[in-house]
Amino acid sequence: MSGAGEIGGPRPEHPVALVTGASGGLGQDLAVELDALGCRVAVHYNSSEAQAEAVASKLQNDSMVVGGDVASWEAVTELYKRIRDRLGPVDVLVNNGAIRRDGLMAMQSPEDWKQVIDTNLLGTFHTCRVAVPHMLRRRWGRIINIVSPSGLIATAGQTAYSASKAGVIGLTRTLAAECGRRGVTVNALSPGFMVTAMTRDLPAHVMDNIRDKSPIPRFGTTEEVARGIGFFIDSDYMTGQVVSIDGGVSIT
C-alpha cells in the first residue's frame, strides 16, 4: 500500500495563493484565512482596487494586489506573470470570482447570459490553465473552485448562473482526474446563502424562502464558510469532490 506523500511532493512552507474576486464578501475572508494558514496571498480584483487594497492591509504575510478580468486570457496571463515575479508561482488557487445576471431565459439577453458564462466558467478555465503547469512540475498544488447550490439544484431565473456553476463542477472533477497522480488536488466548495454584495439585491421573499427551506434556518456567514478552506489544503487524499457548507440547503 502506498503511504501518504509518496505520489506528491512536499507542501511549500509558505505557499503562494491566488484568490480571485477577493475584494469583498467571501473572497475577503478566504484571503484572510489563507494568510492565517501561512500563505502569501495575491488578492485579485476586477473593478474594486481600493477594496482589494483594504483586504491586503489586513494580511500579515507577504501579499500583493492584482487586477484583471478573468474572462480575458490575456489579462489572466499578465496578472499571473505579475504574481510569479513578485511572490512566485501559484501553489494554491481559489477561484472565487463570479457574477450573476439573473432573469428568466425567455426574457434574458444573450449578452448577459454569455457574460456570466465567460466570467464564471471560462474565467475558471483561464486561471486553472495558467496555474496548473507549475503545480504539476512541483508535484503539489491545490485548486479550490467556489461553486453554488445553484449548480446542484434548480433555481428559476438562474439558467446562466446555474449552468456556469454546474460547468465548474464538471471541470473540477475532470481536472482532478488529470492531476491526481502528480499530487495536485482539485475540489469545489459550495457555500450556502450568505448576505454579500452578490446576493443583497435579491427580493426579500426570495431570501426568506431560501432561509426557511434550509435545515439550519439561517444564512451563513462568510467567515464560517472561509474557515473550511484549510480542510482542502491539508487533505492529500481528497480530490474531485464538492463540499457543501450550506446549512443543508442542497439536500432539500
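Helices and strands here are DSSP runs, numbered from the N terminus, with at least four residues for a helix (H or I) and at least two for a strand (E). The structure is a predicted model. In those terms, R139 lies in the loop between α4 (110–138) and β5.

R139 is a convenient place to begin. Most residues other than glycine have a negative phi. R139 is not a glycine, yet its phi is positive, at about 65°. Its relative accessibility is 30%, so R139 counts as partly exposed, because the partly exposed class lies between the 20% limit for buried and the 50% limit for exposed.

After this loop comes the strand β5, which covers residues 141–146 and runs parallel to β6, with six bridges joining the two strands. One position can be used to set the register: G141 stands opposite V184 in β6. The connection between the two strands involves helix α5 (residues 159–179), and β5, α5 and β6 together make a right-handed β-α-β unit.

Strand β6 also pairs with β7 (residues 242–245), again in the parallel sense, over four bridges. Here the register can be read from S190, which stands opposite S244 in β7. β6 thus has β5 as one pairing partner and β7 as another.

How much of β6, residues 184–191, is covered? The strand is mostly covered, and eight of its eight residues are buried. The side chains can be sorted by direction. V184, V186, A188 and S190 point one way from the strand, while T185, N187, L189 and P191 point the other way. Residues of both sets are buried.

Helix α3 gives another pattern. It has 14 residues and reaches 20 Å from its first C-alpha to its last, close to the 20 Å expected at 1.5 Å a residue. Its buried residues are V76, L79, Y80 and I83. Seen down the axis of α3, these buried residues fall within an arc of 105°, so they line one face of the helix. The spacing can be set beside a general rule. An α-helix has 3.6 residues a turn, so residues three or four places apart point the same way. What covers the buried residues of α3 includes β1 (16–19), β2 (40–45), β3 and α4. On the other side of the helix, E74 and D85 are exposed. The helix is followed by G88, whose phi is positive, near 120°.

Charged residues of α3 also enter into salt bridges. The structure holds nine salt bridges, and one of them is formed by R86 and D62, with the closest N and O atoms 2.9 Å apart. This pair links distant parts of the chain, since R86 is in helix α3 (residues 73–86), D62 is in the loop between α2 (49–56) and β3 (63–67), and the two are 24 residues apart. How accessible are the two partners? R86 counts as partly exposed because its relative accessibility is 43%. D62, at 36% relative accessibility, is partly exposed as well.

Another salt bridge joins D85 to R84, where the closest N and O atoms are 3.8 Å apart. D85 is classed as exposed because its relative accessible area is 52%, a value over the 50% cut-off. R84, at 40% relative accessibility, counts as partly exposed.

The side chains of D102 and R100 meet in a further salt bridge, at 2.8 Å from N to O. Its partners fall into separate classes: D102 is partly exposed at 34% relative accessibility, whereas R100 counts as buried at 15%. Elsewhere, salt bridges that share partners join K81, R84 and D85 into one network.

The last stop is A31, which lies in helix α1 (residues 25–36). Is this residue buried or exposed? A31 is buried, because its relative accessible area is 0%. Leaving aside residues up to four places away in sequence, A31 touches V19, V41, V55 and L59. By the residue ranges, V19 falls in β1 and V41 in β2, while V55 falls in α2. D118 is a contrasting reference point: its C-alpha atom is separated from that of A31 by 24 Å, and the two residues are 87 apart along the chain.

Methods. Residues numbered from 1 in each chain as written. Predicted model: local features only at pLDDT ≥ 70, side-chain atom pairs only at ≥ 80, totals over all residues. Heavy atoms only, no water. Buried < 20%, exposed > 50% of the residue type's maximum accessible area, 1.4 Å probe, protein only. Pairing = 2+ DSSP bridges. Right-handed = clockwise from strand over helix to strand, strands pointing away. Salt bridge = Lys/Arg side-chain N within 4 Å of Asp/Glu carboxyl O. Expected span 1.5 Å × (residues − 1). Arc of directions from axis to C-beta. Contact = heavy atoms within 4.5 Å.
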